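Visitor: I should like to learn how to read a model of several chains, beginning with the contacts between them. Could you guide me through this one?

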Amino acid sequence: MRKMSENPYVPYPSEILQIIRHTDKEYTFRMRFTGEVRPGQFFEVSVPRYGEAPISVSGIGRDYVDLTIRRVGRVTSEVFEKGEGTSLLLRGPYGNGFDTSLYENGEVIVIAGGTGVSPVRGVIDALAGTKDARDKHVIVGFRSPSDMLFRDDLKRWDQALDLILTVDGAPEGYTGNIGLVTKYIPDVPIRDVKKARAVVVGPPPMMRFSVMGLLQKGFEEENIWVSQERKMCCGLGKCGHCRIGQTYVCLDGPVFNYTESKNMLD
Amino acid sequence: MGYVLSQDSFTRVLGKIGLDRRLYAPVNKVGEGRYTDVDVVRYDFISEAAEIEMEKKSDYAFKELLTPLSETLFFFTENEVKEADYDQREVLVFLRACDLHAVKRLDAIYLENGRFPDPFYKRIRDRVKFVLIGCGHSYEDCFCVSMGTNVAPEGYLFSVDLQDGSYYIDVKDQDLAPLFAAEAEAEQEVMARHVTENEVKVSVPADVPLAVYKDPLWDEYTARCINCGRCNFVCPTCTCYTMQDVFYTDNGKVGERRRVGASCMVDGYTNVAGGGQYRRTNGERMRFKVLHKIVDFRKRFGYDMCVGCGRCDQVCPEYISYANIINKVKKAAEGGAANA
Amino acid sequence: MARDINTKKLKKNAFRYSKVRGETASRIRIPGGVINAKSMARIAEVAEEFGNGTIFLTNRQGVEIPGIRLEDMPAVNKAIQAIIDDSGVNQEERDKGYPASGTRNVVACPGSRLCPFGCYDTTALARKMDKMIFPNNLHVKIAFTGCSNDCGKVRMDDFGIIGMTEPQYDPNRCVGCEQCVKFCKIRSVGALSLVNGKVVRDTEKCIGCGVCVAYCPTRAWTRSRDHYFRIVIMGRTGKKNPRLAEDFVKWADEESVFRMIRNCYAYVEEYIDPGAYEGKEHIGYIVDRTGFDEFVKWVMKDVELNDKAEVASRVYWGGKHYDRSNNLM
């Protein structure tokens, strides 16, 4: 399927198998793809004449990858004009992604905010499929009930593992949890905090405060992983935009162990 | 072997060398400087010896050949992506020792960093050969000696020094020797000149603790720096670019993808879709730039990125001295007050 | 000895009629406002020796040495000879001071010798202009300014010459950083916009100030090899109808500027009110009388403007008309 061009900047066409509309602004595009890919990696989605945007892999199937895209700019707006059966141009996958095997055994917390759910969706799915899934805790936060992504997955996850779904704010009458994800960290029942692992993905302040919450709870730094979002023009370690210190997020990340990421100062 | 040539005879040699090659050299562009009736020295293609600016240090670096300020990568038609054509001729680039050291830095990013060599860079790079311009003296703002780049590395075809109207050539590539021998006024031992001392001296700290990243020394530049990015655009080792997709206004279906030079000092460098931005203050941007040149690049590649050409200091409209910042970082790294 | 002074001659000789009986001031002409330090020292010496030890800096960049006794005028004329020599001002007879005072000192802002925004060497052109028009008794005010900032306040003069550069754009050197767009908006007229990653200049809007060139980090913008000028005309102060000069020609070349001003002297000689008090009449009032077309006919004689130049077909002035109304609104 994947046409290998000698030139890594040349995108290849990929068919849109399905479009899943979460909100007005957030769709998941199920793209035909067969090849090695991990959750947390990203593709450069290319709309010629409009540009490219790095989009993280939100789901992986036998012959597809899911790309959950938020309509925020020139490129993503164009992507939203596309229909099923048409194609998008892709480059990638790029970056390291999550090693899901790290989270299969023992106690795990995944904390995700907004579109930060996309890169960990595959991780959560992996957790949901483990035999000790009740030791897998997931805190997912959205700005408001109407911003919720992956509603079907949330239902499924709620059955399979310990899911805390929360929103920052909601209209009157909303019966679900209201509050930032950090509010729920202290109450997550962890038996052996020194061994428990955590994954945190979301907007920078949310990540910062969530990691602080985990550390306060007693998590070891080396048991925490985060995923960084940066401007990327190439995904190949050339354009320079995603560099933090000696690290290129597009090459060495976007997933970092906290022992590394804590020393990455923008 | 060394040769001494007059300007005319050097031009004749260049004519022969240039039969199947392009010659790229610093050129004094009259009146093209920032201000009225001020010249600027920047690189361009030349055909005669007199066109090469042998005395003044170039304001802009040779890198514009390898990493053009604006480079079209693809043309898009309705259902086709076509790579842009390029000139396949070999290019001879005339540059000074510091700049020849800079080539290694450009290669590091474009050829070594990541899994793929950059094909657009590589296709030009593969066709580039170098000619060393000797330095008879140090220039204002140069600190090549401190950076260890005052002596040219191997890998140039020949060197050229202009002294008293004569061109002194040391030929390294013996294939070219006959061309010079045929025109030379004299054959003699020639060594490319290089400087052994600069007025500006810097001391790059061996280790920069994380605390220096948060040192108040950077705050000064939040106020002083105007984030114009001139320092980046003149730097021979800055490599960042931004992608630009455009469609032609007369026909929205056709367009191109190009990349343009980017500056980590200029607004928008870190902007992500949706409004996220990192390093909002100019002080943070200055820290990001400076520490890349003397710390972060070294951690990744094993040597300093900066080659001490001093162009950034020369071009800064706010008289900010990057060289001085290096020394401040050194002090801060050693635990002293940077501004003391 | 009885004091018998011809005040007409005194004024023509560049001395001021002073309210202090028996005193005068020597008016040193400094085209372009640049004088060498030695001459400045000499002025100080004259002020110490013949004046009251003070020096007055005039609005037109000249210097006046006040407190000189009328009897000392010949001695002062001898004393300022070195200054006249240095400043290169035309003279008729050595040691006799200045031969005229009607045509005023030619003013210039610092221009491109110092100013980053100056579009030409204002000092040099002011001196060249002075060489062409001086000495002359006609009351003519000419001023040069380097760019549209008009630090030279040339719109107060009969002829104001404003520097222009035609920005040259090399899209291959443009990285689309938009600093030119931003600064054109902030510091000038907002004539630039980014289209398809490259900058488009609205040539109708562009005033040729060169701000884009000054802020471009890559030399995508450079200055035109040729210097251009906006000629604004017939500004004035005064008790009848003070007003700002209005645009007559833009993108004019240097030679045309000089020819037009030389032509204007002929026009004034032809049409000045023969009964004008002290032979002094602002040119604007003459233009009001003859009609604009006649002025243009005279001024444009043998002027071969460059292709870029644009000439106003009509010029309308505003300003305060005290002669009609002294009301505040």
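Guide: This is a predicted model. Two pairs of chains are in contact, and chains A and B share the most contacts.

Visitor: Which chains are joined by no contact?

Guide: Chain A and chain C are joined by none; their closest C-alpha atoms lie 10 Å apart. A contact here requires C-beta atoms, placed from the backbone, within 7 Å.

Visitor: How is the extent of an interface expressed, and how many residues does the contact take from chain A and from chain B?

Guide: The size of an interface is often given as the accessible area lost when the parts come together. Here the description is by residues: 32 from chain A and 36 from chain B take part. On the chain A side, β4(A) provides the largest share, three residues. That side, where chain A touches chain B, comprises 13 nonpolar, ten polar and nine charged residues.

Visitor: Let us turn to chain A itself. Where do its domains begin and end?

Guide: The domain assignment places domain 1 of chain A at 12–94 and domain 2 at 100–227. Between the C-alpha centres of these two domains of chain A the distance is 24 Å.

Visitor: How many residues of each domain of chain A are in contact with the other?

Guide: Domain 1 of chain A contributes twelve residues, which meet 14 residues of domain 2 of chain A. On the domain 1 side, the elements giving two or more residues are β4 (51–60) and β5 (64–70) of chain A. Of these, β4(A) gives the most, with five residues. The composition of that side of domain 1 of chain A is three nonpolar, seven polar and two charged residues.

Visitor: For a sheet, one reads the strand order and the pairing. What is the order in the open sheet of chain B?

Guide: Its eight strands follow the order β3-β2-β6-β7-β8-β9-β1-β10 in chain B, and the pairing is mixed. At the edges stand β3 (40–46) and β10 (186–187) of chain B, each pairing on one side only.

Visitor: Do β2 and β6 of chain B run parallel or antiparallel?

Guide: Strands β2 (residues 21–29) and β6 (residues 90–95) of chain B run parallel and are joined by four bridges. In one bridge, Arg21(B) has Glu90(B) of β6(B) as its partner.

Visitor: Which strands of chain B does helix α1 lie across?

Guide: Helix α1 (residues 7–17) of chain B lies across β1 (2–5), β2, β6 and β9 (166–171) of chain B, at about 115° to β1(B). Helix α3 (residues 97–112) of chain B also packs on the sheet, touching β6, β7 (128–133) and β8 (156–163) of chain B. The direction of α3(B) makes about 155° with that of β7(B).

Technical notes. Residues numbered from 1 in each chain as written. Chains lettered and ligands numbered in written order. Predicted model: local features only at pLDDT ≥ 70, side-chain atom pairs only at ≥ 80, totals over all residues. Domains from an automatic or database assignment. Nonpolar A, V, L, I, M, F, W, Y, C, P; charged D, E, K, R; others polar. Pairing = 2+ DSSP bridges. Axes fitted to C-alpha atoms, helices over the stretch in contact; angles between N-to-C directions.
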